[in-house]
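Trainee: I should like to understand the terms used to describe a structure of this kind. May we examine it together?

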Amino acid sequence: MPELPEVETVKEALKRKILNKKIMNVKIHYSKIIEYPTNDEFIKNLIGETINDIKRRGKWLMFELNNYYLLSHLRMEGKYNYKSSSDELGKHEHVEFIFDDDTSLRYQDTRKFGRMYLYKKEEAESKAPLNELGLEPWDDRLNSKYLKEIYKNKKKEIKSVLLDQSIITGIGNIYADEILFLSKVNPYKKACELKEKELNSIIENTKKVLEAAIKEGGTTIKSYTSEEGVHGRFQQSLYVHQRKDEECKICGTKITKVVIGGRGTYYCKKCQK
DNA sequence: GTGACCACCTGGCCGC
DNA sequence: TGCGGCCAGGTGGTCA
């Protein structure tokens with residue numbers, strides 16, 4: 001599933017292809033992808049807009065247009081295909097953005113979980129989803145004091161809390177497992193019980209893991225590939241995620257898989273006591 | 001405010 | 001071979 005590094009990879013790939021293209025038409029084939037505004041307004045407002053820049057906030061792609069921000073979340077299996085506008089519609093392509101040079105960008109999503117918002121530029125930051133996002137991993141304000149203050153009332157397992165996008169944005173299930181492994185923190189540990197040293201370790205390893213994953217083009221698991229169909233190379237660098245019963249790369253103990261907060265969680269019982 | 005649970009979706013996998 | 005059931009998981013909504 002696309003997490004921060006995968007979204008960053010998609011963003012860079014899209015920038016190489018669709019910057020400065022003008023939208024001539026929009027076709028929606030599955031209406032629920034558009035969360036806000038209505039389908040009709042979405043189409044009407046986008047026609048005539050130019051894609052001036054593409055940014056990222058957490059796992060959200062932000063297409064900067066003349067007057068609007070188009071926000072797109074890929075959720076589990078969303079991806080973008082860049083094709084000729086005359087190409088046949090793919091089976092799971094739900095939204096088409098047709099440009100003035102007869103090319104098109106298509107949003108494809110097998111499981112239809114992805115969502116899009118279209119806001120006027122001046123109001124995008126003050127509305128959901130952007131105003132509900134926590135700090136980016138590289139934000140200077142992300143320190144042990146910040147986490148301690150928020151975590152003090154969190155009695156849930158740290159594994160679940162790391163996935164809370166309103167605290168640190170961009171961490172998903174794969175990288176949460178990897179961050180906790182490198183930080184030598186047991187995923188069952190309650191967030192409110194973490195010591196300052198552990199919080200600092202989590203912060204440092206969050207940056208380290210995500211930076212390395214971005215460098216490697218993200219992680220490819222099962223259905224997810226990047227916008228260009230490129231397979232992320234970070235898969236080979238994973239210490240624990242999806243390595244059940246394989247040997248820990250540090251101590252040789254078999255990796256354990258459990259379910260925490262409904263999510264498959266992989267960890268080493270010896271390294272993460 | 002917090003935590004637990006469920007719905008949204010489809011394809012892949014497994015057992016029968 | 002075909003069918004049914006389960007699982008995967010990011011997020012938002014509901015309820016206690």
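Trainee: Is the crossing of α6 and α7 left-handed or right-handed?

Mentor: This is a predicted model, and in it the crossing of α6 and α7 is right-handed.

Trainee: Why are α6 and α7 called oblique to each other?

Mentor: Helix α6 (residues 173-182) and helix α7 (residues 196-215) pack at an angle of about 130°. Angles over 145 degrees count as roughly antiparallel and those of 65 to 115 as roughly perpendicular. The angle of about 130° belongs to neither class, and α6 and α7 are therefore oblique. Their axes are 9 Å apart.

Trainee: Which residues of α6 and α7 meet?

Mentor: Y175, E178, I179 and L182 in α6 meet residues of α7, among them I202, V209, L210 and A213. By class, this contact has seven nonpolar, two polar and two charged residues.

Trainee: What makes β1 and β6 edge strands?

Mentor: Four strands form an open antiparallel sheet in the order β1-β7-β8-β6. Strands β1 (23-28) and β6 (78-84) each pair on one side only. Neighbouring strands of the sheet are turned by 20° against each other on average, with direction ignored.

Trainee: How do you know that β6 pairs with β8?

Mentor: Two strands pair if there are at least two bridges between them. Seven bridges join β6 to β8 (residues 103-109), so the condition is met. The two strands run antiparallel, and K79 stands opposite Q108 in β8.

Trainee: Which residues surround DNA strand B?

Mentor: They include K32, R111, F113 and K154. The residues of the surface near this strand divide into one nonpolar, two polar and six charged.

How values were computed
Residues are numbered from 1 along each chain as its sequence is written. Chains are lettered from A and ligands numbered from 1 in the order in which they are written. This is a predicted model: local features need pLDDT of at least 70, side-chain atom pairs count only at pLDDT 80 or more; totals for chains, interfaces and linings use all residues. A residue is near a molecule or strand if its C-beta atom, placed from the backbone, lies within 6 Å of it. Ala, Val, Leu, Ile, Met, Phe, Trp, Tyr, Cys and Pro count as nonpolar, Asp, Glu, Lys and Arg as charged, and the others, Gly among them, as polar. Axes are lines fitted to C-alpha atoms, for helices over the stretch in contact, and angles run from 0 to 180 degrees between N-to-C directions. Angles under 35 degrees count as roughly parallel, over 145 as roughly antiparallel, 65 to 115 as roughly perpendicular and the rest as oblique. A crossing is left-handed if the near helix is turned anticlockwise from the far one by less than a right angle, and right-handed if clockwise. Two residues are in contact if their C-beta atoms, placed from the backbone, lie within 7 Å.
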